[in-house]
Amino acid sequence: MSRATVCISYHFDAVSTWLWSYDSWDMPTRHSRGVFGAEIGAHRLLDLHDEYDADATWCIPGHTIESFPEICGEVADRGYDIQHHGWTHRGPSTYESREAEQADIERGIDAIYDLTGEKPTGYASPAWDFSEHTLEILLDLGFEWDSSIMTSDFKPHYVYGGWEAPEDGAYDRGEPVDIVELPASWERDDFPALTYTWSRPHRMGYVSEDSLFRRWYDQFDWMYEHVDGGVFVLTLHPQVIGQAHRLQRLDALLDHVSSKPDVAFSTMDEAASAFREKNPDPSAFRDDYFFSHRDRT
Ligand SMILES: [Zn+2]
């Protein structure tokens, strides 16, 4: 295993985020921001990754696959891994029933299968939301990994299931189940910091790119120095990071990562498999794993 693994994860929401997350069904100017991601941003990012020969994982809602089939086909044809991000971009906890949530996830699987000929192995939930049923659905449908949970920052682990949060008692985090988590983080996501949205004061956008990229350099460098076998998952959106003034900064970040000895760009699927190989038994998984940074073997 490399000293550090970098998983660049593109959440290719395109228009779906404006429809389901921002309720903008009849507002074409809002849709146009997603169309930019599909028609312009995604192409720029594919070219940049090709230059570095850097693997990436594209988590694509079925809605994007069916709305923009050409660019999604190009993502697949150019060899990038495609994984699950809902069919809609609706938060799992907003469904009225387990059946409705599962139907959306199954529809998303079908869309990816139709595009790639393969079932997705991993799931990143829309807006990193889980319902009380999500984990069970993922297990039932044979998913092997998820990237939505923030228990850890740089160390993959097995997801804890069966949690309980009673109003009159202590929190019970549950027990590890057979889904590998590749840690997601709002701290390593471009959307909240850089995207102006008029309706949500906590998402005003316009954070300085320099400060945001500095945050990502600092996190990567700390992980590289302190966490053996760490996995750095960076979540980016083509409609956000694909803007002209951000591309050269992403280029420089890829260059910085590439210049470190013993660092590998990896698909999320490969990173999850590497963890599973080293830790084959979820029931043997121990809490102190999270704190034992120096565990290189
Ligand atoms: Zn998304």
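Colleague: Which arrangement do the four donor atoms around the zinc ion make?

Modeller: Start with what counts as a donor: an N, O or S atom within 2.8 Å of the metal (3.2 Å for Na, K and Ca), bearing in mind that water is not among the atoms, so sites may look incomplete. Then look at the angles: four donors are tetrahedral if all angles lie between 85 and 135 degrees, four are square planar and six octahedral if opposite donors are over 155 degrees apart and all others between 65 and 115, and anything else is irregular. Here the angles run from 54 to 135 degrees, which makes the arrangement irregular.

Colleague: Before we go on, what kind of model is this?

Modeller: It's a predicted model, where local features need pLDDT of at least 70 and side-chain atom pairs count only at pLDDT 80 or more, while totals for chains, interfaces and linings use all residues. Residues are numbered from 1 along each chain as its sequence is written, and side-chain values use heavy atoms, with hydrogens and water left out.

Colleague: Which atoms coordinate the zinc ion, and at what distances?

Modeller: Asp13 is listed twice through OD, alongside NE2 of His85 and NE2 of His89, at 2.0 to 2.5 Å. Along the sequence, the spacing of the donor residues reads D-x71-H-x3-H. Asp13 sits in the loop between β1 (4-11) and α1 (16-21), and His85 in the loop between β3 (81-84) and α5 (98-116), so this pair links distant parts of the chain, 72 residues apart. Those elements are DSSP runs numbered from the N terminus: helices are H or I with at least four residues, strands E with at least two.

Colleague: Are Asp13 and His85 buried or exposed?

Modeller: Both are buried. That means under 20% relative accessible area; exposed is over 50%, and partly exposed lies in between (1.4 Å probe, protein chains only).

Colleague: How many salt bridges are there?

Modeller: The rule is a side-chain nitrogen of Lys or Arg within 4 Å of a carboxyl oxygen of Asp or Glu, and the count comes to twelve. Take Arg78, whose closest N to O separation from Asp47 is 2.6 Å. This pair joins distant parts of the chain, with Arg78 in the loop between α4 (69-77) and β3 and Asp47 in helix α2 (residues 28-52). Arg78 also bridges to Glu74, at 2.4 Å from N to O.

Colleague: Which residues are linked in that network of salt bridges?

Modeller: Asp47, Asp50, Glu74 and Arg78. As for accessibility, Arg78 is partly exposed at 27%, Asp47 at 42% and Glu74 at 25%.

Colleague: What does Asp146 have in place of a salt bridge, and where is it?

Modeller: Asp146 lies in strand β5 (residues 145-146). It's buried and has no salt bridge, and the nearest side chain of opposite charge, Arg276, is 11 Å away. For charge, Lys and Arg count as positive and Asp and Glu as negative, with His and the chain ends not counted. The side chain of Asp146 does make a polar contact of 2.8 Å with that of Ser148. Such a contact is a pair of N or O atoms within 3.5 Å; within protein, one must be able to donate a hydrogen and the other to accept it, and residues adjacent in sequence count only if both atoms are side-chain atoms.
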